[in-house]
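This report sets out the computed features of the structure displayed here. Chain-level descriptors come before individual helices, the nonpolar core and the contact between chains.

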Amino acid sequence: MRDLPDSLSTALGLVAGVDARLLDIVALSLRVSLSAVLLSALLALPLGALLAVGNFAGRRTLTVIVNGFMGLPAVVVGLLVYLLLSRAGPLGPLGLLFTPAAMVIAQAVLVAPLLAALTRQTVADAWREYQEQLHSLGATTRQATATLLWDTRYSLFTVMLAGFGRAIAEVGAVMIVGGNIDGVTRVMTTTIALETSKGDLPLALALGLILIALVLVINALAYVTGAWAQRRLG
Amino acid sequence: MPNIFPLTLNRIGFAPNGVPVLADIDLRIEAGARSVILGANGAGKSVLMRLMHGLLKPTAGEIRWNARESRPAAQCLVFQRPVMLRRSALANVAYGLKLAGVPHTRRNLEARAALERVGLAHLADRPARVLSGGEQQRVALARAWALDPRVLFLDEPTASLDPAAARSVEKVIVDIHGAGTSIVMTTHNLGQARRLADEIIFLHAGRITERTPAAEFFHRPRSIEAQTFLEGELP
């Protein structure tokens with residue numbers, strides 16, 4: 001393994017030198033995954049809260065499905081979104097395939113079950129504590145749901161960071177619906193896969209290092225937020 | 001405000017999944033009094049409270065407010081352990097007003113006034129969940145009082161508090177009653193029952209064994225169960 005030290009020093013040079021190509025790739029990764037998580041959260045957070053609070057037929061079944069889909073293989077999500085967006089697919093006329101928008105959609109679908117399941121757990125715990133009080137004050141299911149989402153906002157921020165971590169680290173879905181087009185839909189993970197197969201290990205490794213650093217920063221952020229909220233709000 | 005009294009319980013029974021908790025409860029609560037429900041742990045005090053408040057539905061009999069079946073808004077329940085939302089003390093009180101449909105412009109003003117009445121105006125902007133247990137319970141009382149209920153139910157409001165905090169909570173209860181709200185509360189603290197009760201409703205094994213003016217109850221309880229309870233209590 002003579003490659004590793006060589007690649008590593010070149011990789012560090014790329015990171016330290018703020019390589020423009022590298023920066024573009026990192027920026028696109030962040031933009032796609034952040035948008036995906038925000039888009040997903042719009043739907044997944046209320047859904048998770050409703051699964052925790054609601055009292056409707058099929059709630060258990062839906063919960064099991066959502067929990068099960070947390071481990072959805074990224075390539076399968078990519079394939080499904082590809083079928084939806086391909087020219088012959090139902091959303092084909094939008095012309096989104098092989099654009100960053102397609103990647104956002106794919107990652108949003110990918111992390112939605114994770115966000116919904118973790119939100120359900122978080123909100124259910126709070127609901128156990130709040131239930132009698134909120135009923136006593138006359139809250140409707142909708143009001144209770146909104147209250148719980150707001151009251152667990154710091155935990156839900158951590159949930160969203162978990163979703164972001166999954167989104168930014170996945171390669172299968174963005175590869176399929178993005179197409180890994182240089183300068184357009186090339187993100188960190190797809191670049192790593194491509195450059196490794198091409199033998200350009202320094203660039204792959206540089207991106208790998210950045211990816212790991214990002215994931216660490218995300219986790220640190222989650223930890224600090226949680227600790228701060230616990231101290232401040234109890 | 002519409003008259004919601006009397007609250008009448010007519011042969012109320014509560015037996016979830018067939019396990020009897022309460023049976024044959026007949027009770028009539030009129031405006032103005034401070035009624036204390038006494039009884040040992042497991043006698044069914046908390047369940048009776050929740051039935052009257054409307055959190056639980058009886059499995060037998062009927063509960064009526066001034067001959068109407070629907071549960072009026074003009075009544076509140078304060079729990080043994082106050083549930084504080086993760087926001088300021090003021091926002092906790094304002095939250096109750098919001099659910100009660102009080103317009104946005106008046107909420108904070110009324111919430112602040114309620115906190116003032118329970119002596120917590122200086123803590124209004126502090127996060128409620130970092131307040132002490134006694135302070136939290138007073139925030140819960142302010143949240144209820146802000147709604148100006150005709151009757152306030154209190155389920156062991158001081159059971160998890162130290163004596164000083166319990167005393168400040170008792171003072172607020174007296175003040176709320178003084179402002180014209182009927183009080184129905186449970187406790188197993190006899191001293192507290194002596195201090196606060198106009199009348200005692202004694203509950204034993206899911207049944208009411210007697211209902212007696214407080215002064216008389218502590219000297220000559222009528223039911224054998226209450227006698228045993230009073231004798232068994234530590235001084």
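## Burial and overall form of chain A

In this predicted model, 41% of the 234 residues of chain A count as buried. The C-alpha atoms of chain A occupy a box of roughly 65 × 50 × 25 Å along the principal axes.

Chain A contains 10 helices and 0 strands, so that, by the DSSP assignment, its elements read α-α-α-α-α-α-α-α-α-α from the N terminus on. Among contacts in chain A with a separation of 6 or more, 79% are between residues 24 or more positions apart.

## Helix H2 of chain A

Helix H2 of chain A covers residues 20-53, a run of 34 residues. At 1.5 Å a residue the expected span is 50 Å, and the end C-alpha atoms lie 48 Å apart, which agrees. H2(A) nevertheless has a bend of about 40°, located at Ala41(A).

## Helix H1 of chain B

Helix H1 of chain B (residues 45-53) is largely enclosed by the rest of the structure, because 8 of its 9 residues are buried. The buried set comprises Lys45(B), Val47(B), Leu48(B), Met49(B), Arg50(B), Leu51(B), Met52(B) and His53(B). After H1(B) comes Gly54(B), with a positive phi near 105°.

## The largest nonpolar core

The largest nonpolar core holds 138 residues. Its members with the most contacts inside the core are Ala106(A), Leu115(A) and Val177(A) from chain A, together with Val93(B), Leu115(B), Leu141(B) and Ala142(B) from chain B. H5(A) provides the largest share of this core, 20 residues.

Which residues does Leu115(B) contact, leaving aside its neighbours within four places in sequence? The partners are Ala89(B), Leu90(B), Val93(B), Leu120(B), Ala121(B), Ala124(B) and Ala142(B). Two of these partners, Val93(B) and Ala142(B), are also listed among the core residues with the most contacts.

## Contact between chains A and B

At the interface, 15 residues of chain A are in contact with 13 residues of chain B. Three helices of chain A each supply at least two residues of the side that touches chain B: H5 (100-136), H6 (141-151) and H10 (201-233). The largest share of that side, 6 residues, comes from H5(A). H5(A) thus provides the largest share both of this side of chain A and of the core described above.

Sorted by class, the side of chain A that touches chain B has 4 nonpolar, 7 polar and 4 charged residues.

Terms used: Residues numbered from 1 in each chain as written. Chains lettered and ligands numbered in written order. Predicted model: local features only at pLDDT ≥ 70, side-chain atom pairs only at ≥ 80, totals over all residues. Contact = placed C-beta atoms within 7 Å. Helix = DSSP H or I, 4+ residues; strand = E, 2+ residues; numbered from the N terminus. Nonpolar A, V, L, I, M, F, W, Y, C, P; charged D, E, K, R; others polar. Expected span 1.5 Å × (residues − 1). Bend = angle between axes of the 7 residues up to and from the residue. Buried ≥ 20, exposed ≤ 12 C-beta atoms within 10 Å, placed from the backbone. Core = buried A, V, L, I, M, F, W, Y, C linked by C-beta atoms within 7 Å.
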